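Me: I am new to this structure and would like a careful look at one part of it. Please take the time to connect the details to one another.

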Amino acid sequence: MELLASLAAEERWLFPAFLVMYAAIYCVGQLFVFRRWAPRQRLDGSSCLISLFHGTPAALAAAGAILALPAGFRSFAAPNARLQDHVLDYSIAYFTMDLLHYLAFLPGDVLFIAHHLATLFVFLTCRYMVRHGAYALLVLLVLAEVTSLLQNVWTLAGIWRDQSPAAARVYGALSPPFYVLYTLVRGVAGPLFLVKMTVFYLSGQAVDVIPWWVRISWIVVVGTAIAVSNLWIWNLWKELFRERNQATAKAKKDT
């Protein structure tokens, strides 16, 4: 709480410092942490590393920034508080760094590039153009990043599972709980909050502070992201059950 209080009192623009921090973490990943990995694995590992430094801290900071405000200011049309702006800048810096990573080294990964561009559009318009509505985006940030730690450890284990039996065991052990948590957040909580957000913004209650095209674009971007996330986790569930069925059939055949 002391850290959040100091951030709330900080008047400087923190985005450059956050971006430099992510760049430094990325370089550490490339040059030291994953230097023995194959080139593509090193790229994925470095991206996961900066995501580790973003996800959980961002979720905690976003939750703190929401709870720090009086209940009357927790509105879809409320003006952004200074602490909320700092949290947005923290995430904007992360997505900027990861976007540069994809543009420089993985330009063919169109889905991730499109996701990062769309996310940056939403955050940047909220932070620097309309300067209202951060409450909605920070709730979505909490929902998006609450699974980040588990997801990144699961991803790193998945990258290394073909070379390491221990990593394969970690990947197998983490898959079910990660899938369950991700499904609950992205398949239940996320859509419910999106409905609430959509009803508010389409009612015209924010018309004086957030232009209609911004409100509609936020709804479309968030809705698309949730739909893609649910399609992704659905495919992972199918793969998990297929692998389990194959393992069961093989065990029966061996006996």
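Me: Is the crossing of α2 and α4 right-handed or left-handed? Please look closely at this pair of helices, and then at what surrounds it.

Reply: The crossing of α2 and α4 is right-handed, and, like everything that follows, this is read from a predicted model. Two packed helices are described by the angle between their axes and the distance between the axes. For α2 and α4 the angle is about 40°, and the axes lie 8 Å apart. The two helices are therefore oblique to each other, since an angle under 35 degrees would be needed for them to count as roughly parallel.

The contact itself draws on residues from both helices. On the α2 side it is made by F15, F18, L19, M21, Y22, A23, Y26 and Q30, while α4 brings H86, D89, Y90, I92, A93, Y94, T96, M97, H101 and F105. Sorted by class, the residues of this contact divide into 13 nonpolar, 4 polar and 1 charged.

Helix α2, which spans residues 15–33, also packs against α3, a helix that covers residues 39–67. Here the angle is about 140° and the axes are 9 Å apart. That makes α2 oblique to α3, because an angle counts as roughly antiparallel when it is over 145 degrees. The crossing of α2 and α3 is right-handed. From α2 the residues Y22, I25, Y26, G29, Q30 and V33 take part, and they meet R42, L43, S46, S47, L49, I50, F53 and H54 in α3. By class, this contact has 8 nonpolar, 5 polar and 1 charged residues. Reading the contacts side by side, one finds Y22, Y26 and Q30 of α2 listed both in the contact with α4 and in the contact with α3.

Just before α2 in the chain comes the loop between α1 and α2, where R12 lies. R12 is exposed, because its relative accessible area is 58% and the limit for that class is over 50%. Side chains of opposite charge can pair when their charged atoms come close. R12 forms such a pair, a salt bridge with E10, in which the closest N and O atoms are 2.8 Å apart. R12 can also be placed relative to α4, the helix of residues 82–105, through H86: the C-alpha atoms of R12 and H86 are 9.4 Å apart in space, although 74 residues separate them in sequence. H86 is one of the α4 residues that make the contact with α2.

Another salt bridge ties this loop to α4. The side chains of E11 and R82 meet at 4.0 Å, N to O. This pair links distant parts of the chain, with E11 in the loop between α1 and α2 and R82 in helix α4, 71 residues apart. E11 counts as exposed because its relative accessibility is 68%, whereas R82, at 39%, counts as partly exposed.

The structure holds 5 salt bridges, and one more of them can be found in α3, the other neighbour of α2 described above. There R40 forms a salt bridge with D44, the closest N and O atoms being 3.2 Å apart. Both residues lie in helix α3, 4 residues apart, about one turn of the helix. R40 is partly exposed, with a relative accessible area of 45%. Salt bridges that share partners also join D85, D89 and R127 into one network, and D89 is among the α4 residues that make the contact with α2.

For a comparison elsewhere in the chain, consider helix α7 (residues 148–160) and helix α8 (residues 165–202), whose axes come within 9 Å and cross at roughly 145°. The crossing of α7 and α8 is left-handed, while that of α2 and α4 is right-handed. The α7 residues in this contact are L150, Q151, V153, W154, A157, G158 and W160, and those from α8 include A167, V170, Y171, L174, F178 and Y182. By class, this contact has 14 nonpolar, 3 polar and no charged residues, whereas the contact of α2 with α4 has 1 charged residue.

Technical notes
Residues are numbered from 1 along each chain as its sequence is written. This is a predicted model: local features need pLDDT of at least 70, side-chain atom pairs count only at pLDDT 80 or more; totals for chains, interfaces and linings use all residues. Side-chain values use heavy atoms; hydrogens and water are left out. Buried means under 20% relative accessible area, exposed over 50%, partly exposed in between (1.4 Å probe, protein chains only). Axes are lines fitted to C-alpha atoms, for helices over the stretch in contact, and angles run from 0 to 180 degrees between N-to-C directions. Angles under 35 degrees count as roughly parallel, over 145 as roughly antiparallel, 65 to 115 as roughly perpendicular and the rest as oblique. A crossing is left-handed if the near helix is turned anticlockwise from the far one by less than a right angle, and right-handed if clockwise. Contact means heavy atoms within 4.5 Å. Ala, Val, Leu, Ile, Met, Phe, Trp, Tyr, Cys and Pro count as nonpolar, Asp, Glu, Lys and Arg as charged, and the others, Gly among them, as polar.
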